[in-house]
Amino acid sequence: TDNFEGAVKWNPNSSGWAISATRAYGGTYSAHAPSSNSNLMIYGPFDLSAATAATLSFQLWYYAPKASFPPGTPNTAGAFLVGYSTNGSSFTFPYQWSGSPSGEWWATTFDLGGWSLLGRPQVWIVLGTSVLPGALYSEGAYVDDLSLTASVPDTTAPTTTLSVSPASNAAGWNKSAVT
């Protein structure tokens, strides 16, 4: 989990992301990517080789007003991207969102099993922004309360240990009920 307060686990200081007090879903800070191309925040590698399920969830505030520049292009100014890599260098972006023309917080959850990442020993998750050439808008994307969860089966049998304090009973026996 990362709420971008205090020590940060994700790497927001790479590729244009920064910690910001301008907008926060909870607390004082969030991660912020300004409106430009190639702003990537990457987390990994982590191991999903034994996972039976995995999800990525976070709060997203993304301002992307509609635009028609340049002519003949899709009617958005940019996109918020969520993707992954299994080698740390080539990224696939199965999710792209054009955002909100007014700016608001959205609860966002992704099933990483749907992206065929379960069973992989190394996975990187990436969040980013992209804009059309020449199209700029004021704030970009904010991410807060980020959580990556994996379910792994518990296959280890429980163990227990009993110790007897020599000060109370040097012989190792007890004459009353043991809890």
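Let me start with one pair of residues: L56 has F110 in β7 as its bridge partner. That pair belongs to a longer stretch, since strand β4, residues 53-63, and β7 are joined by seven bridges and run antiparallel. Before I go on, please keep in mind that this is a predicted model.

First, how confident is the predictor? The protein chain has a mean pLDDT of 81. Of its residues, 74% reach 70 or more. Among the elements, β7 has the highest mean pLDDT, 93, and β8 the lowest, 87.

Now the overall layout. How many helices and how many strands does the protein chain have? There are zero helices and nine strands. If you read along the sequence, the pattern is therefore just β, nine times over: β-β-β-β-β-β-β-β-β.

Let me take the sheet that β4 and β7 belong to. It is an open sheet of five strands, ordered β1-β2-β9-β4-β7, with antiparallel pairing. Why is one side of β1 and one side of β7 left without a neighbour in the sheet? Strands β1 (18-20) and β7 (105-111) stand at the edges and each has a single partner strand, so there is nothing in the sheet on the other side. From one strand to the next, the twist in this sheet averages 35°.

Two residues in this sheet are worth a look. One is L60, which lies in strand β4. Is L60 buried or exposed? Its relative accessible area is 1%, and buried means under 20%, so L60 is buried. Along the chain, L60 and W105 are 45 residues apart, yet their C-alpha atoms are separated by 5.4 Å. Leaving out residues up to four places away in sequence, L60 touches F80, W97, E104, W105, W106, T108, A141, Y142 and V143.

The other residue is S30, in strand β2, residues 30-33. S30 has a relative accessibility of 0%, so this serine counts as buried. Where does the side chain of S30 reach? It reaches the backbone oxygen of R23, at 2.4 Å. With residues up to four places away again left out, the contacts of S30 include F4, A18, I19 and S20. R23 is also on that list, along with A24, Y142, V143 and D144.

On to the other sheet. This one is open too, and has four strands in the order β3-β8-β5-β6, paired antiparallel. Its edge strands are β3 (39-46) and β6 (92-97), each pairing on one side only. Here the twist averages 15° from one strand to the next.

Strand β8, residues 123-131, pairs with β3 in the antiparallel sense over six bridges. Within that pairing, N39 stands opposite T129, and I42 stands opposite V126. β8 also pairs with β5, again antiparallel, over eight bridges. There, S85 stands opposite W124. How many of the nine residues of β8 are buried? Eight of them are, and the strand is mostly covered.

A general point to hold on to while you look at the strands: in a regular strand, side chains alternate between the two faces of the sheet.

My last residue is Y84, in strand β5, residues 78-85. Its relative accessibility is 17%, and the cut-off for buried is under 20%, so Y84 counts as buried. Which residues does Y84 touch, not counting those up to four places away in sequence? The list is S90, F91, T92, P94, W115, L117, W124, I125 and V126. The C-alpha atoms of Y84 and Y43 are separated by 9.4 Å, and these two tyrosines are 41 residues apart along the chain.

Finally, some totals for the chain. Of the 179 residues, 36% count as buried. The chain exposes about 9,900 Å², and carbon and sulfur atoms supply 52% of that. Then there are the contacts between residues at least 6 apart in sequence: 75% of them join residues at least 24 apart. The pair I mentioned earlier, L60 and W105, is 45 residues apart along the chain.

That is the end of my part.

Notes: Residues are numbered from 1 along each chain as its sequence is written. This is a predicted model: local features need pLDDT of at least 70, side-chain atom pairs count only at pLDDT 80 or more; totals for chains, interfaces and linings use all residues. Side-chain values use heavy atoms; hydrogens and water are left out. Two strands pair if DSSP finds at least two bridges between them. Helices (H or I, at least four residues) and strands (E, at least two) are DSSP runs, numbered from the N terminus. Axes are lines fitted to C-alpha atoms, for helices over the stretch in contact, and angles run from 0 to 180 degrees between N-to-C directions. Buried means under 20% relative accessible area, exposed over 50%, partly exposed in between (1.4 Å probe, protein chains only). Contact means heavy atoms within 4.5 Å. Accessible areas come from the Shrake-Rupley method with a 1.4 Å probe; for residues, only the protein chains shown count as cover. A polar contact is a pair of N or O atoms within 3.5 Å; within protein, one must be able to donate a hydrogen and the other to accept it, and residues adjacent in sequence count only if both atoms are side-chain atoms. pLDDT is the predictor's confidence in each residue, from 0 to 100.
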